[in-house]
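This report introduces one protein structure to a reader who has not met it before. Please look over the sequence and the model shown here before reading on.

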Amino acid sequence: MTPSSTAALSFSRSGRRRRARLIGLTPLIDVVFILLLFFMLAYNLSNEHRITLDTAAGGAPAHGIAGALLVEVRTDGVRYAGHYVPMKTLIARVTAARRGNPDRRVLVRSGNGVTLQDTVRVLDALSQAGVQDISLMNTAADGPSS
């Protein structure tokens with residue numbers, strides 16, 4: 001027998017059976033779960049969209065409100081031109097109203113009790129529809145919206 005063939009046997013030279021060295025599964029699984037947890041916490045799952053809001057210089061409004069389109073965000077829905085409309089209809093009507101004048105301003109007024117997320121959802125939808133000039137109105141200066 002050659003020396004290389006004796007190394008392949010599962011018995012040692014003294015005739016005793018060798019104990020195989022295996023990596024324990026429990027520590028390996030622990031490491032995999034720790035890595036999984038680390039990457040899950042490190043990865044940001046939210047899909048962020050940023051909306052740039054420019055403030056008027058000196059506290060004065062940048063443009064007048066004449067000819068602007070008014071969108072009201074309320075707790076019970078979104079109003080455009082005095083009527084409650086779904087979001088898709090709002091986008092279609094605003095797009096149609098701006099077809100002749102693409103620089104037409106859109107004013108968004110948030111009512112009392114409306115969450116910030118609802119207002120941002122409307123701002124985001126208008127921004128994705130291509131509206132460039134969006135202004136957020138202050139409801140406190142206008143009085144309570146009814």
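A residue counts as buried when its relative accessible area is under 20%, as exposed when that area is over 50%, and as partly exposed in between. By that cut-off arginine 79 is buried, because its relative accessible area is 19%. The model described here is a predicted one.

## Overall build

The protein chain contains 5 helices and 5 strands, and these follow one another along the sequence in the pattern α-α-β-β-β-α-β-α-β-α. Of its 146 residues, 21% count as buried.

Among the contacts in the protein chain with a separation of 6 or more, 64% join residues that are 24 or more positions apart. The chain exposes about 11500 Å², and carbon and sulfur atoms supply 58% of that area.

## The helix α2 and its nonpolar patch

Helix α2 spans residues 25-42, which makes 18 residues, and the distance from its first C-alpha to its last is 26 Å, close to the 26 Å expected at 1.5 Å a residue. The helix is hardly covered, since the count of buried residues among its 18 residues is 0.

A nonpolar surface patch of about 860 Å² is made by Ile23, Leu25, Leu28, Ile29, Val32, Phe33, Leu36 and Met40. An α-helix has 3.6 residues a turn, so residues three or four places apart point the same way. One member of the patch, isoleucine 23, lies in the loop between α1 (3-7) and α2, and with a relative accessible area of 73% this isoleucine is exposed.

## The nonpolar core

Which residues have the most contacts inside the largest nonpolar core? They are Val71, Leu90, Val94, Val106 and Leu126, in a core that has 17 residues. At least two residues of this core come from each of β1 (69-74), β2, α3 (87-97), β4 (106-110) and α4, and α4 gives the most to the core, with 4 residues.

Valine 71 shows how such contacts are spread along the sequence: leaving aside neighbours within four places, valine 71 is in contact with Val78, Arg79, Tyr80, Leu90, Val94, Val106, Leu107, Val108, Arg109 and Val122. Threonine 119 has its place in helix α4, which covers residues 116-128. With a relative accessible area of 4%, threonine 119 is buried, and, not counting residues up to four places away in sequence, threonine 119 touches Val73, Ser110, Val114 and Leu136.

## A network of salt bridges

The count of salt bridges comes to 4. In one pair, arginine 74 bonds with glutamate 72 in a salt bridge whose closest N and O atoms are 3.1 Å apart. Glutamate 72 is buried at a relative accessible area of 9%, and arginine 74 also counts as buried, at 12% relative accessibility. Arginine 79, the residue with which this report began, meets glutamate 72 through its side chain in a salt bridge of 3.5 Å, N to O.

Glutamate 72 and arginine 109 likewise meet through their side chains in a salt bridge, at 3.2 Å from N to O. Because glutamate 72 lies in strand β1 and arginine 109 in strand β4, this pair ties together parts that are 37 residues apart in sequence. Arginine 109 is buried, with a relative accessible area of 17%. Through salt bridges that share partners, Glu72, Arg74, Arg79 and Arg109 are joined into one network.

## An alanine with a positive phi

Most residues other than glycine have a negative phi. Alanine 81, although it is not a glycine, has a positive phi of about 55°. Where does alanine 81 have its place? Alanine 81 is in the loop between β2 (77-80) and β3 (83-85), and at 57% relative accessibility this alanine counts as exposed.

Notes. Residues are numbered from 1 along each chain as its sequence is written. This is a predicted model: local features need pLDDT of at least 70, side-chain atom pairs count only at pLDDT 80 or more; totals for chains, interfaces and linings use all residues. Side-chain values use heavy atoms; hydrogens and water are left out. The expected span of a helix is 1.5 Å times one less than its number of residues. Buried means under 20% relative accessible area, exposed over 50%, partly exposed in between (1.4 Å probe, protein chains only). Contact means heavy atoms within 4.5 Å. Patches are made of residues with over 30% relative accessible area and no salt bridge: like charges are joined within 9 Å, nonpolar side chains (Val, Leu, Ile, Met, Phe, Trp, Tyr) within 5 Å. Accessible areas come from the Shrake-Rupley method with a 1.4 Å probe; for residues, only the protein chains shown count as cover. A nonpolar core is a set of buried Ala, Val, Leu, Ile, Met, Phe, Trp, Tyr and Cys residues joined through side-chain atoms within 4.5 Å.
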